[in-house]
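Ready for a walk through a protein fold? Keep the structure open beside you and turn it as you read.

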Amino acid sequence: MPAPLKDEKSFQAAVGAQNLSVVHFEAEWAEQCAQVNEVLDALSAQKDYSSVKFYSCPAEEVSDVSLKYNIEAVPTVILFRSGQTVDRVNGADAARITETVRKHNATSQSEDGDDSLSLEDKLESTDK
């Protein structure tokens, strides 16, 4: 389950981290938010996403943060790295959320390596 962010201080600490942070702005009354939590739970359980941190933020309770990031509806998922917004998915589109997290996780993995080759490129080069 995504770790809860209950106030602005915990939110800033979470998104300020250098690794990819995925924040789900949610509300208990919105059924679609439970679906997004299931998607994030599934992603967080995968080995490929072990360096990604997943969080949930109650949009109405942490209203200052919600206003700052223009949260107009829940669910909204925002991806952060080093305190900067890197992408956003509005709504409960499981495929789009998954693809967006995958894309930005791959970006951070290639930045951590010695070169800019993707994992697929590195695997192909070892087969030759």
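What follows is a tour from the overall layout down to single residues. Keep in mind that you are looking at a predicted model.

Let's begin with the big picture. The protein has five helices and five strands, and if you read along the sequence, they come in the pattern β-α-β-α-β-α-β-β-α-α. There are 128 residues in the protein, and 38% of them are buried. Now think about who touches whom. If you take the contacts between residues at least 6 apart in sequence, 65% of them join residues at least 24 apart. Keep that in mind when we get to some individual residues.

Next, zoom in on helix α1, which covers residues 8-15. Which residues of this helix are buried? They are F11, A14 and V15. These three cover an arc of only 85° around the axis, so they sit on the same side of α1. Here is a handy bit of background: an α-helix has 3.6 residues a turn, so residues three or four places apart point the same way. Now look at the face of α1 turned away from the buried side, and you'll find the exposed residues K9 and A13. What covers the buried residues of α1? The cover includes the strands β2 (20-26), β3 and β4 (76-81), along with the helix α3 (63-68). Before you leave this helix, check its start: a side-chain oxygen of D7 reaches to within 3.3 Å of the backbone nitrogen of K9.

From here, move to strand β2 and look for H24. Is H24 buried or exposed? With a relative accessibility of 0%, H24 counts as buried, because the cut-off for that is under 20%. Even if you leave aside its neighbours within four places in sequence, H24 has plenty of contacts to look up: C33, V36, N37, L40, Y55, S56, C57, P75, T76 and V77.

One of those partners, P75, deserves a stop of its own. P75 lies in the loop between α3 and β4. A cis peptide bond joins V74 and P75, with omega at about 0°. The loop between α3 and β4 is also where you'll find N70. N70 has a phi near 55°, which is a positive value in a residue other than glycine. N70 is exposed, with a relative accessible area of 52%. Another positive phi, of about 50°, turns up at S82, which is not a glycine either. You can find S82 in the loop between β4 and β5 (84-90). At 41% relative accessibility, S82 counts as partly exposed.

Now for two more buried residues. Y49 is in the loop between α2 and β3, yet this loop residue is buried, with a relative accessible area of 7%. What does Y49 touch, apart from its neighbours within four places in sequence? Its partners are L43, F54, V101, R102 and N105. You can also compare Y49 with A106: they are 57 residues apart along the chain, and their C-alpha atoms are separated by 9.5 Å.

The other buried residue is H104, which you'll find in helix α4 (residues 94-112). H104 counts as buried at 10% relative accessibility. Not counting residues up to four places away in sequence, H104 touches L20, L79, R81, V86 and D87.

Let's finish with a bit of empty space. The second largest pocket holds about 240 Å³ of space. This pocket is lined by 15 residues, and those nearest its centre are K6, E26, A27, E28 and P58. Which elements give two or more residues to this lining? They are α2 (31-44) and β3 (53-58). The largest share, three residues, comes from α2. And what kinds of residues are they? By class, the lining has eight nonpolar, two polar and five charged residues.

As a last exercise, go back to α1 and turn the model until you can see its two faces. On one side you have the buried residues F11, A14 and V15, and on the face turned away from them you have K9 and A13, which are exposed.

Notes. Residues numbered from 1 in each chain as written. Predicted model: local features only at pLDDT ≥ 70, side-chain atom pairs only at ≥ 80, totals over all residues. Heavy atoms only, no water. 1 Å grid on protein atoms, 1.4 Å probe; cavity = no way out; pocket = protein on both sides within 12 Å on 5 of 7 lines; lining within 4 Å. Points joined across faces, edges and corners; volume = space filled by probe spheres on them. Helix = DSSP H or I, 4+ residues; strand = E, 2+ residues; numbered from the N terminus. Nonpolar A, V, L, I, M, F, W, Y, C, P; charged D, E, K, R; others polar. Buried < 20%, exposed > 50% of the residue type's maximum accessible area, 1.4 Å probe, protein only. Arc of directions from axis to C-beta. Contact = heavy atoms within 4.5 Å. Polar contact = N/O pair within 3.5 Å; in protein donor to acceptor, adjacent residues only side chain to side chain.
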